[in-house]
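The following exercises are meant to be worked with the sequence and the model side by side. Try each task before reading the solution beneath it.

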Amino acid sequence: MITGLGNPEKRYLTTRHNIGFMFVESIASSFGFGEFEFSKKVNGFLAKGKIGDKNVILLKPSTYMNNSGISVKAAKKLFGIKPEKIIVAHDEMDIAFGSQRIRKNGSSAGHNGIKSIISELETPDFTRIRLGIGKPEPGTDIADYVLSEFSEEELEIISENREKWAEIAKTLVLESPEAAMNAFNKKN
């Protein structure tokens, strides 16, 4: 299961906090998944498809960022997915915009969505795709920054990254987190 973190309302659609949603939407498009449909059982939007010969579920929690774990836990239970088979794509300020770092396990590093998932799953043993959104200007409120809209130029870079995102997902699903880290955790 690949989960993208974000906030469900339209007003958040192209904000920095929603880059995880953008990631899973891109994967759905790249691999010809069905449409995302709301599931009350998981309190989120699901799309199902295949990457190579593997069945994959894409999830966009509708619980808002800080409660993402509620939806992830419900989907884990519904589909019988082990934590180590869960991949979470989320925004990361400590990584340059347009870059990414794949990480297996670890702490939340202060990210409330990841903190919620660790709490609900009662384990940090899942893979993260940390999508760089860059740092705000000094003195900028963090909440204001992550909820700010991407510029047109930034949206263009995100669009250009979609092919790389598909390769990341393919490597994670068909190979391993280690293979993806080796291939994609290079400095850009």
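**Exercise 1. A residue in helix H1**

Leaving aside its neighbours within four places in sequence, which residues is phenylalanine 23 in contact with?

Solution. Bear in mind first that the model is a predicted one. Begin by placing the residue: phenylalanine 23 belongs to helix H1. Next, consider its accessibility: the relative value is 0%, and because buried means under 20%, phenylalanine 23 counts as buried. Then list the partners beyond four places in sequence, which are Ile2, Ala89, Ile129, Leu131 and Trp165. Finally, take one of these partners and check the distance along the chain against that in space: alanine 89 is 66 residues away from phenylalanine 23 in sequence, yet their C-alpha atoms are separated by 6.9 Å.

**Exercise 2. The chain as a whole**

Determine the order of the helices and strands in the protein chain, and work out why its radius of gyration agrees with that of a compact globule.

Solution. Count the elements first: the protein chain holds six helices and seven strands. Read from the N terminus, they follow the order β-α-β-β-β-α-β-β-α-β-α-α-α. For the second part, a compact globule of 188 residues would have a radius of gyration near 16 Å, and the 15 Å of the protein chain therefore agrees with this expectation. The extents of the C-alpha trace along the principal axes are about 45 × 30 × 30 Å. Turning to the contacts with a separation of 6 or more, 67% of those in the protein chain are between residues 24 or more positions apart. As for burial, 50% of the 188 residues count as buried, while the exposed surface of the protein chain comes to about 9400 Å², of which carbon and sulfur atoms supply 48%.

**Exercise 3. Two helices and their buried residues**

Identify the buried residues of helix H3 and of helix H6, and explain how they are arranged around each helix axis.

Solution. Start with helix H3, residues 112–121, where Gly113, Ile114, Ser116, Ile117 and Leu121 are buried. These residues cover an arc of only 155° around the axis, which means that they are on the same side of H3. The cover over the buried residues of H3 includes helix H2 (68–79), strand E5 (87–92) and strand E7 (127–132). Just after H3, glutamate 122 adopts a positive phi of about 60°.

Now repeat the steps for helix H6, residues 177–184, in which the buried residues are Pro177, Ala179, Ala180 and Phe184. Viewed down the axis of H6, they fall within an arc of 160°, so they line one face of the helix. The elements against which the buried residues of H6 pack are E6, E7 and helix H5 (152–174).

**Exercise 4. Loop residues, buried or exposed?**

Assign serine 62, asparagine 18, asparagine 43, asparagine 105 and glycine 80 to the classes buried, partly exposed or exposed.

Solution. The cut-offs needed are under 20% relative accessible area for buried and over 50% for exposed, with partly exposed in between.

- Serine 62 is in the loop between strand E4 (54–61) and H2, and its 16% relative accessibility makes it buried. Beyond four places in sequence, the contacts of serine 62 are with Pro8, Phe38, Asn43, Gly44 and Phe45.
- Asparagine 18 occupies the loop between strand E1 (2–4) and helix H1 (19–30), and at 1% relative accessibility asparagine 18 is likewise buried. Its contacts beyond four places in sequence are Leu5, Gly6, Asn7, Tyr12 and Leu13.
- Asparagine 43, one of the partners of serine 62, sits in the loop between strand E2 (37–39) and strand E3 (44–51). With 32% relative accessibility asparagine 43 is partly exposed, and its phi is positive, about 55°, although it is not a glycine.
- Asparagine 105 is in the loop between strand E6 (100–104) and H3, and a relative accessible area of 26% makes asparagine 105 partly exposed. Its phi, near 70°, is a positive value in a residue other than glycine.
- Glycine 80 lies in the loop that runs between H2 and E5, and its 60% relative accessibility places glycine 80 among the exposed residues. Glycine 80 is 24 residues from valine 56 in sequence, and the two are 13 Å apart in space, C-alpha to C-alpha.

Terms used. Residues are numbered from 1 along each chain as its sequence is written. This is a predicted model: local features need pLDDT of at least 70, side-chain atom pairs count only at pLDDT 80 or more; totals for chains, interfaces and linings use all residues. Side-chain values use heavy atoms; hydrogens and water are left out. Helices (H or I, at least four residues) and strands (E, at least two) are DSSP runs, numbered from the N terminus. The radius of gyration is taken over C-alpha atoms; the globule rule is 2.2 Å times the number of residues to the power 0.38. Buried means under 20% relative accessible area, exposed over 50%, partly exposed in between (1.4 Å probe, protein chains only). Contact means heavy atoms within 4.5 Å. Accessible areas come from the Shrake-Rupley method with a 1.4 Å probe; for residues, only the protein chains shown count as cover. The arc is that of the directions from the helix axis to the C-beta atoms.
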